[in-house]
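Welcome, and please open the model in your viewer. We will go from selection to selection, with a short note on what is there at each stop.

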Amino acid sequence: MEKKNIDWSNLGFGYQVTDKRFVANYKDGAWDDGVLTEDATITLTECAGVLQYAQTCFEGLKAYTTEDGRTVCFRPDLNASRMSDSCKRLEMPVFPEDKFVEAVKAVVKANEAYVPPYGSGATLYIRPYMFGSSAVIGVKPADEYQFRIFCTPVGPYFKGGAKPITIRVCDYDRAAPHGTGHIKAGLNYAMSLYQIVDAHEQGYDENMYLDAATRTYVEETGGANFIFITKDGKLVTPKSDSILPSITRRSLMVVAEKYLGMEVEHRQVRLDEIGEFAECGLCGTAAVISPVGKIVDHGKEICFPSGMDDMGPVTRKLYDTLTGIQMGRIEAPEGWIVEI
Ligand SMILES: *Cc1c(COP(=O)(O)O)cnc(C)c1O
């Protein structure tokens, strides 16, 4: 397979058009079979449900080359089931989970020349998404939908090593109790843009959101779950019905317990206890883990003992083990690595 002439290690995290994408349409109560197409554009009615009432959800996963040269992706079945949860909450038709995984594979296969080589640090980012495509003016679900998957090569998330980031406690809320925080909907991101632009202007990398009802417990950032390491080496990760269930976080919980013999606690985490943790990180598909060095709560600085220069030692072990599993250097649990 002849790879594209791309400077893999200098790629950024941006969109670049690739050769083929998958498109399926839902009409008269049923999905068609879907096709791969070269057309990277969409033509829609001006009154489409997605444009008027934001009826859309998405997923994100990666394909990459393992040490022994296989093209694989990581736990796509979990993206399929999470997308079906998102669709149900937004009154959208579920795209069958087995067909979702098949379509992901088909898109990667059709764009294999864009899958970065092993060791480059780059990956092929895969974006499945669905939206209401028929006209809606009275508030109701659309009658027709489109499900698409495109992919785009992205560079290593951290060029020159993962530097710990600084996070502020945000005064705005991300998700209401019994709201939509647990699904991967575009609407959760639209309302976070104001806060992230402001955070960057104030010199912070990310926002920490608290539970909206009591503002006592830690939820997550706009696009990643928190992990904390206690001084005696336990993994603690916040539990709440309004947190998006990160596949990376769920995988790290297994890695901690089964591979590293750590104790794992999935529980409510109070804002006023985070100063007691030894290490902190953010986890998600894009970076796997971003180390957090400092959290600022209205002028009060919480500095983790792991400091601002490097990932903490336990976070590092978690990161090395999970990326080792993904890259085929460490044996994976059954079903985690799906060959294309
Ligand atoms: C996608 C996402 C995550 C990370 O989930 P992964 O499955 O690990 O990529 C975390 N929080 C939010 C709000 C997200 O949208």
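Start by selecting Glu-91, which sits in the loop between helix H2 (76-89) and helix H3 (97-110). Helices here are DSSP runs of H or I with at least four residues, strands are runs of E with at least two, and both are numbered from the N terminus. Before going further, note that this is a predicted model, in which local features need pLDDT of at least 70 and side-chain atom pairs count only at pLDDT 80 or more, while totals for chains, interfaces and linings use all residues. Residues are numbered from 1 along each chain as its sequence is written, and side-chain values use heavy atoms, with hydrogens and water left out.

Stay on Glu-91 and check its backbone: phi is positive, about 55 degrees, although the residue is not a glycine. Most residues other than glycine have a negative phi. Is Glu-91 buried or exposed? Its relative accessibility is 55%, so Glu-91 counts as exposed. The scale is this: buried means under 20% relative accessible area, exposed means over 50%, and partly exposed is in between, with a 1.4 Å probe and protein chains only.

Next, select Arg-215, in the loop between S10 and strand S11 (225-229). Arg-215 is another residue other than glycine with a positive phi, near 50 degrees. With 29% relative accessibility, Arg-215 counts as partly exposed.

**The ligand**

Now select the ligand and show what lies around it. How many residues surround the ligand? There are 15, and the closest are Lys-184, Tyr-189, Ser-246, Thr-248 and Thr-285; a residue is near a molecule if one of its heavy atoms lies within 4 Å of it. By class, this shell has four nonpolar, seven polar and four charged residues. In that count, Ala, Val, Leu, Ile, Met, Phe, Trp, Tyr, Cys and Pro are nonpolar, Asp, Glu, Lys and Arg are charged, and the others, Gly among them, are polar.

Add three side chains to the view:

- Arg-82: an N or O atom of its side chain is 2.8 Å from an oxygen atom of the ligand.
- Glu-220: a side-chain N or O atom is 2.6 Å from a nitrogen atom of the ligand.
- Ser-246: a polar side-chain atom lies 2.6 Å from an oxygen atom of the ligand.

On its own, the ligand has 390 Å² of accessible area, and the protein covers 96% of it. These areas come from the Shrake-Rupley method with a 1.4 Å probe.

**A buried asparagine**

Move on to Asn-207, in strand S10 (residues 206-208). Asn-207 is buried, with a relative accessible area of 1%. Which side chain does the side chain of Asn-207 meet in a polar contact of 2.6 Å? Select Arg-168, whose side chain is the partner. A polar contact is a pair of N or O atoms within 3.5 Å; within protein, one must be able to donate a hydrogen and the other to accept it, and residues adjacent in sequence count only if both atoms are side-chain atoms. Show the backbone of Gln-195 too: its oxygen lies 3.1 Å from a polar atom of the Asn-207 side chain.

**Distances across the chain**

For the last stops, draw C-alpha to C-alpha distances.

Begin with Val-72 in strand S6 (residues 71-74), which counts as buried at 0% relative accessibility. Its partner is Cys-303, 231 residues apart along the chain, with 38 Å between the C-alpha atoms.

Then take Tyr-114, in the loop between H3 and strand S7 (123-132). Tyr-114 counts as buried at 8% relative accessibility. Tyr-114 and Gly-186 are 72 residues apart in sequence and 26 Å apart in space.

Go next to Gly-233, in the loop between S11 and strand S12 (235-238), which is partly exposed at 23% relative accessibility. The C-alpha atoms of Gly-233 and Phe-58, 175 residues apart along the chain, are separated by 35 Å.

Finish at Asp-241, in the loop between S12 and helix H6 (247-259). At 72% relative accessibility, Asp-241 counts as exposed. Select Glu-219 as well: the two are 22 residues apart along the chain, and their C-alpha atoms are separated by 9.4 Å.
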